[in-house]
Amino acid sequence: MRIISGKHKGRRLTAPKKLPVRPTTDLAKESLFNILNNHYYFNEISVLDLFSGTGNISYEFASRGTKQLTAVDGDYGCIRFIKKTAADLALDITAIKSDVYKFLERTHLKSDIVFADPPYAFTLEQFERIASIVFERDLLTADGFLIIEHAKETKLEHAPYFSFSKSYGNSIFSFFQLPEASNEEE
């Protein structure tokens, strides 16, 4: 995997092969950050990275200047890799080993961006539960985005707070936001 922009632009990172992950492709990640670049100054936002895996998305935000960054994953090997990589690159990432749903149920962390990249094999109900908890617990700022990465076979357009989606190969980014924020976008 490669960091696309920021102070570590071009830096290649190699995760241990035994981690149970499917990193976001460089093309999809670059496209996602092009969208976000039109909405945010990265050094002014807070990000919650769920199902963070190798930390690919977290490193990209941190390299671009995001200081309030929390990565959550249930796999100890993933969290260990994120902590080591963040320390090696002097990136300010808080990595937490936890079941993502349990974390969401008990956290009071409010973020500008909540990014979730769960396993593509999740059921529709598991994907929808992420959005339900984020909005029920009021974990987004007023103009924040929940972004869920999923396979094109998973359809989330009907879910509450769905705003729009972007497709990159087999990967789809579905964006969710509060109605007041989506009205401002129009």
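**Entry 1. A buried charged pair**

I began with Arg 64 and Glu 60, and I found both residues buried. The model I am reading is a predicted one. The side chains of Arg 64 and Glu 60 form a salt bridge, with N to O at 3.0 Å. I then searched the whole structure for salt bridges and obtained four.

**Entry 2. The bridge between Lys 84 and Asp 88**

I looked next at Asp 88, which forms a salt bridge with Lys 84; their closest N and O atoms are 2.7 Å apart. I noted that Asp 88 and Lys 84 are four residues apart in helix H3, so about one helical turn separates them. In general, an α-helix has 3.6 residues a turn, so residues three or four places apart point the same way. I checked the accessibility of each partner. Asp 88 has a relative accessible area of 55% and is exposed. Lys 84 is likewise counted as exposed, at 51%, where the cut-off for exposed is over 50%.

**Entry 3. The bridge between Lys 110 and Asp 138**

I turned to Lys 110 and Asp 138, whose side chains meet in a salt bridge at 2.8 Å, N to O. Lys 110 is in the loop between helix H4 (100–106) and strand E4 (111–116), while Asp 138 is in the loop between helix H5 (124–136) and strand E5 (140–151), so this pair ties together parts 28 residues apart in sequence. I recorded Lys 110 as partly exposed, with a relative accessible area of 38%. Asp 138 is also partly exposed, with a value of 43%. I then asked which residues are joined into one network by salt bridges that share partners. I found Lys 29, Glu 60 and Arg 64 in that network.

**Entry 4. Helix H2**

I examined H2 because Glu 60 is one of its buried residues. How many of the eight residues of H2 are buried? I counted eight of eight, and I describe the helix as mostly covered. The buried residues are Asn 56, Ile 57, Ser 58, Tyr 59, Glu 60, Phe 61, Ala 62 and Ser 63. I looked up what covers them, and the cover includes helix H1 (26–37), strand E1 (46–50), E2, H3 and E4. Just after H2, I noted that Gly 65 takes a positive phi of about 110°.

**Entry 5. Helix H3**

I took the dimensions of H3, residues 76–88. The helix has 13 residues and reaches 18 Å from its first C-alpha to its last, close to the 18 Å expected at 1.5 Å a residue. At the start of H3, I found a side-chain oxygen of Asp 75 within 3.0 Å of the backbone nitrogen of Gly 77. Gly 77 is itself buried, as are Cys 78, Ile 79, Phe 81, Ile 82, Thr 85 and Ala 86 in H3. I asked which elements the buried residues of H3 pack against. They pack against helix H2 (56–63), strand E2 (68–73) and strand E3 (94–97). Just after H3, Ala 90 takes a positive phi of about 55°.

**Entry 6. Ser 52**

I closed with Ser 52, which I located in the loop between E1 and H2. Is Ser 52 buried or exposed? I recorded Ser 52 as buried, with a relative accessible area of 7%. Leaving aside residues up to four places away in sequence, I found that Ser 52 touches Ala 71, Val 72, Asp 73 and Ile 82. Of these contacts, Ile 82 is one of the buried residues of H3.

How values were computed. Residues are numbered from 1 along each chain as its sequence is written. This is a predicted model: local features need pLDDT of at least 70, side-chain atom pairs count only at pLDDT 80 or more; totals for chains, interfaces and linings use all residues. Side-chain values use heavy atoms; hydrogens and water are left out. Helices (H or I, at least four residues) and strands (E, at least two) are DSSP runs, numbered from the N terminus. The expected span of a helix is 1.5 Å times one less than its number of residues. Buried means under 20% relative accessible area, exposed over 50%, partly exposed in between (1.4 Å probe, protein chains only). Contact means heavy atoms within 4.5 Å. A polar contact is a pair of N or O atoms within 3.5 Å; within protein, one must be able to donate a hydrogen and the other to accept it, and residues adjacent in sequence count only if both atoms are side-chain atoms.
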